[in-house]
Each structure stands twice: as structure tokens, then as C-alpha cells.
Amino acid sequence: MNDDFDARVADLKARRQRNLAMGGEEKIAKQHERGKLTARERIDLLFDAGTFVELGLLAQNRDGSDTAPADGVVTGHGDVDGRQVWVIAYDFTVMAGSMGAVGEQFKAARVRELALRYRKPIVWLLDSAGARIQEASGSTFAGTGWLFADQVVMSGVIPQVAAMLGPCAAGTAYIPGLADFVPMVKGTSSMALGGARLVKAATGEEVTDHDMGGSQVHCYESGVGDNEVANDADCIATVRRFLSYLPSSNTEATPVVETGDPADRPVEGLDKIVPANPRAAYDVRRVIRAVFDGESWFEVKPAWAKNIVIGFARAGGQAVGIVANQPMHKGGVLDSDAADKAARFIRMCDAFNVPLVYLMDVPGFMVGSQVEKDGIIRHGAKMLYATAEATVPKVTVIMRKAYGAGYYVMNGKGYQPDTIVAWPFAEISVMGPEGAVNIIFNKQVEASDNPEATRAELVAKIRESINPYLAAGWAMIDDVIDPAETRRVIVKSLEQARDKKIDRPWRKHGNIPV
Amino acid sequence: MTEVKAELVGNVWKVKTSPGAQVAEEEELLILESMKMEIPVTAPRAGTVREVRVKEGEVVKEGQVLVVLE
């Protein structure tokens, strides 16, 4: 017998046990009362059963005391659908999940370092009061903040997810600000650059963390959050779903999943979804569900800038990113928020080798004094830039309207689509016939004895020239297709472009308008 | 009370409700015409129409109150 050996192993086990107990039963009960799961329960949901490997379990408060088990953050890796993913999970039961020196400078930093070293996705489970002010309120602040610089280096290399499961106040709100995907739990999560108490001190404004930065703000108004979810379990399921469409890093191809939906299936029922009246609205998400594989549609940012729809789906098992105009909201017109929403999504897909499918039905960019004050040229230019810059396979289906710069940013001919096709009733034009007559034939109409009749005649004449066979006749588009063929054309186009390689001139980086 | 506002500038093309009408969530209240499109304005929730503040043919600004529900 080696008593000392056994005693030391027993001591190790006791130390582990203490830290696995997090902030203790009382704090855990309180966490559950708030409708939240603990950091460890969340990790169990995130990873395939039994795959979590923890690093830094024995970490403690920097003063060496046992006041902060694991220093308030659980870190390590595990598998999501059999693929390695790294996690940083803040433990609200320990000092309100506040970020301490050990947890941040050693534990979280190590996860960032290793995730990048192995080129694996990183997930933050955020439920934290922010920096531990007891440790961070002096000018040693000078040495902090490099976590965001790390995130910028990771951007476009490994997928980054910031799941909002509780508060995320102050500078740490830049974690979601820089992440690729930000689901938010309704009611319990919030993010703000200054928490409520700091806001009161700094400006006098009285507001709660929830009112200022809950999902009702960020998933509906600001666009900082992506998808609002009902509870912690839904949130984690949404994170897993998001990751299923992406490769582990930018050096890999997107995973292909057998969906059992035939690649050549004719798309039924589009005539009942898309109205014959070209001015009438419909829900483009019904078109997406009809065209793509079974239950594969996963919408991102569904509640913000609803005039454009973005999200992932599968086409013959291949993951794709979809950019679709939404006639049901604002007639599908593009405005600043819609352009921002699309541009960021397009760049994410391009960074991670996810092919893009553009479903076009766009009356153009919004015009007028209000949108010019909003800076629509600057915002619209982001979408133009993102589409032109993207070198992943790009397929364009012109369903109905294709007007003005809207046609360009939705991957028109000039933006190197791998395939560009139109439905028979497509309207491709710089502007509608009424607008064109007002500009081109204004004098002729004014000089006419019967201006209205002359105007109507000219409008009818121009309308005749807006038809897809003119574009197809010039071979500016590849084909005009029966809408029922849309699915087959998309799947075939993705196969056609599988070995796509585009070389562009060397540069440090472009200068995207922001 | 809920104010239903125009989400973009345009003409009021058709008014499909009137004060006192009971409306369901998502029911069409009126249709705007803008950017070559007919843009339905729907009730954000079920309720009774208290006021219709616009007439057909009127030009409305973004954010202008069109209908008041209670």
C-alpha cells in the first residue's frame, strides 16, 4: 500500500468534485429558477454524448482562494455530429459568470489558441456579468482586450458562434459583435456595450438590461442578434443546426448529407405560390421550401430586414446559402438594412466555401430622400461588393423582377454567376416602363395633344421589350426555364461548378465600404 | 393601442378596413403601392380598428401611422 499515493489521488478527486459543483446547490437552483441551464448542462446538450473533454477544470480565482470554481468558465472541446468543436461556457453560478484573470487570460485564451491551431469551430455560451470589476477596475486594463483581436484573426478561418443565454454586458458584447452566428434566448439574454447600472451612472438614463439589449431589440431592430429562440435547449439545438451547414474551417468543403430528396425532382405547386400579377406579393420562403431538400431550410435573421431572406438549405445534399428577395415585405425592395444583412451573409458563405443561390424578385433599391439620408449608396455598395467578391459557386434564378442595381447585387450576369437562368415571366430591366417613359420620352409626352394616350402607348412599347427572351436571345442569360425545373438546374449547376477556381490580382485586402 | 405604420414611402392604393372592424392577426388592412409593387399592410395582432388615418390615393411617408388598433 502506498498511502501517500492514494491520498493524493483522493485529494485530486476532491478538488475536481469541488469545481464540478460550480457555484453550489443554492446558486444552481437560482439559475434554474430563472429558466436557465447551468454551463455544464448546456455543454452536455451541445456535444455528442460522452465526447466533452475539459481543460482547466482545476482553475481557481487568481488570489488562490476557492471562491471561484474553475474561475467561472468551463472550457474544452467535444464533438458536434462527430466533428470537433471548442467551447467557452461562462458559469453564471460562479460570481455571476464574471470574467476573471485566470478564466480569460489562460482558459479562454487557450481555447481560442487551440481552436485556431486545429482549425475547428469555436462556440461561446455567454451568460456573464462582464469583466470581474474587482480585478479589472484599475489601469491594468491596459493589458486587456486581445480576445477581440484573436477573433478578428479567426474570422473567415474557423466558424465562430456566440450563443446568448444570459447577460453579456460591456466590452464583452463585442464577442457576439464579431461572431458569425448569434442566437438569443427570448427573455433571459441581453447584450449591451454598457449594462443598465453603467448607463445610469454615465448618462442618467434608466433602463433595464432586457429593455435595452434583449432579443426583442437585437433580433428585430438592431440586427446584432440572428435568431430569437425560446429557451436554452432550443438555443443549443440551433447552434448545432447552424454548424451542420458549415465546414470545420475555410480549408475544408461543406459537409454533404444524404437527404433522400431526388436531385431531379420537378418542383410542384409554384404556380400556386407565385401570383400571376407581377405586382402582387407572396412569401418567397414557400418557394425555398418547395425547391430545396425536404426539411433542410434554416433561416438566419428571420425577424430583421425581412425584405430579404437569407439562410441555409441543401440542394441534392449539398449545403448552400440562399439569398432571396421577399416580396411579402416592402415589396422585396432593397434598403440599407437588407443590403447589410445580405452582404454579411454572402461573405460568411464565401469565406467558408458554401455555394450561393440567389432567388431574384427585386423591384430595385429603394429610392427617395429618406434612404439617401440613411446612406443607401454606402450600404448597397456592401452587397454589391460582397457578391462581386464571392468566388464560391454562384447560381442565379430570376423568378420575376430584376430591376436596376437590384439585378446586379442579386448576382446578375456581370457578377460571374456559374449559371444564370430566368423563369418565363422574368422582367429584367434598368427600370419599370413607367419610369423609363418619364425619363426618355418626357418631352414627347408633354408635346402630345393627348399626353396620357401617348404615355400609355410608349409604356406598352417599352413593356414589350422587357422579356427574358431578349436577354436569352443575346445569350446574356444561360436559359429560360420552366419553374418546375428550378431544383434540377440548381443541383446541376452546383455539380458543374464544383472545381471552380478563380484567381484575382494579389492585394493585401480590398476596401469594402462599411 | 397599436399604431400600424407604413414601412416605406408610397401611395395608399386600397383601404380594406374601416373603423369598428374586428381584425385577425395578419389580416390585410390596406395595400400600399410603391416601387412597382402592391405592398400589403397587415394587422400585427388581432383587435378592433379604432382609426384609419389615410385615404386611397394619399402619399404616405415611412413610419407614418396608417391605422390604429385597440
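A residue counts as partly exposed when its relative accessible area lies between the buried limit, under 20%, and the exposed limit, over 50%. Arg50(B), at 41% relative accessibility, is therefore partly exposed. This is a predicted model.

## Chain A

Chain A holds 22 helices and 16 strands. Its C-alpha trace spans about 105 × 55 × 45 Å along the principal axes. Of its 514 residues, 52% count as buried. The surface that chain A exposes comes to about 23,400 Å². Carbon and sulfur atoms supply 54% of that surface.

How do contacts in chain A relate to the sequence? Take the contacts between residues at least 6 apart in sequence. Of these, 73% join residues at least 24 apart.

One helix gives a local view. Helix α10 of chain A covers residues 215-222. Its residues Ser215(A), Val217(A), His218(A) and Cys219(A) are buried. The buried residues of α10(A) pack against two strands, β6 (184-185) and β7 (190-192), against helix α9 (209-213), and against strand β8 (228-229). After α10(A) comes Gly223(A), with a positive phi near 80°.

## Where the chains meet

The contact between the chains takes 20 residues from chain A and 13 residues from chain B. How much area is buried between chain B and chain A? The value is about 1,400 Å². Carbon and sulfur atoms give 61% of this area. Three residues stand out on the chain B side. Met35(B), Lys36(B) and Met37(B) supply 49% of the area that chain B buries against chain A, more than any other three residues.

Polar links cross the interface too. Five residue pairs are in polar contact between chain B and chain A, with both residues at pLDDT 80 or more. Strands β4 (28-34) and β5 (37-42) of chain B each supply at least two residues of the side that touches chain A. The largest share of that side, four residues, comes from β5(B). By type, the residues on that side of chain B divide into seven nonpolar, one polar and five charged.

## Salt bridges

Over all chains, the count comes to 34 salt bridges. Two of them lie across the interface of chain B and chain A. The table lists three salt bridges that involve chain B.

| Pair | Closest N to O |
|---|---|
| Glu38(B) and Arg279(A) | 3.1 Å |
| Arg50(B) and Glu70(B) | 3.3 Å |
| Arg53(B) and Glu51(B) | 3.0 Å |

Glu38(B) and Arg279(A) form a pair that crosses between chains. Glu38(B) sits in strand β5 of chain B. Arg279(A) sits in the loop between α12 (270-273) and α13 (284-291) of chain A. Is Glu38(B) buried or exposed? Glu38(B) has a relative accessible area of 11%, so it is buried. Arg279(A) is partly exposed, with a relative accessible area of 24%.

Which parts of chain B does the pair of Arg50(B) and Glu70(B) tie together? Arg50(B) lies in strand β6 (residues 47-52), while Glu70(B) lies in the segment after β8 (65-69). The pair therefore ties together parts that are 20 residues apart in sequence. Glu70(B) is partly exposed, with a relative accessible area of 43%.

In the pair of Arg53(B) and Glu51(B), the two side chains meet in a salt bridge. Arg53(B) is partly exposed at 40% relative accessibility. Glu51(B) is partly exposed at 30%.

Chain A has a network of its own. Salt bridges link Lys36(A), Arg42(A), Asp127(A) and Asp232(A).

Conventions: Residues numbered from 1 in each chain as written. Chains lettered and ligands numbered in written order. Predicted model: local features only at pLDDT ≥ 70, side-chain atom pairs only at ≥ 80, totals over all residues. Heavy atoms only, no water. Contact = heavy atoms within 4.5 Å. Buried area = accessible area lost by both parts, 1.4 Å probe. Salt bridge = Lys/Arg side-chain N within 4 Å of Asp/Glu carboxyl O. Polar contact = N/O pair within 3.5 Å; in protein donor to acceptor, adjacent residues only side chain to side chain. Nonpolar A, V, L, I, M, F, W, Y, C, P; charged D, E, K, R; others polar. Buried < 20%, exposed > 50% of the residue type's maximum accessible area, 1.4 Å probe, protein only. Areas by Shrake-Rupley, 256 points an atom, 1.4 Å probe, with all protein chains shown as cover.
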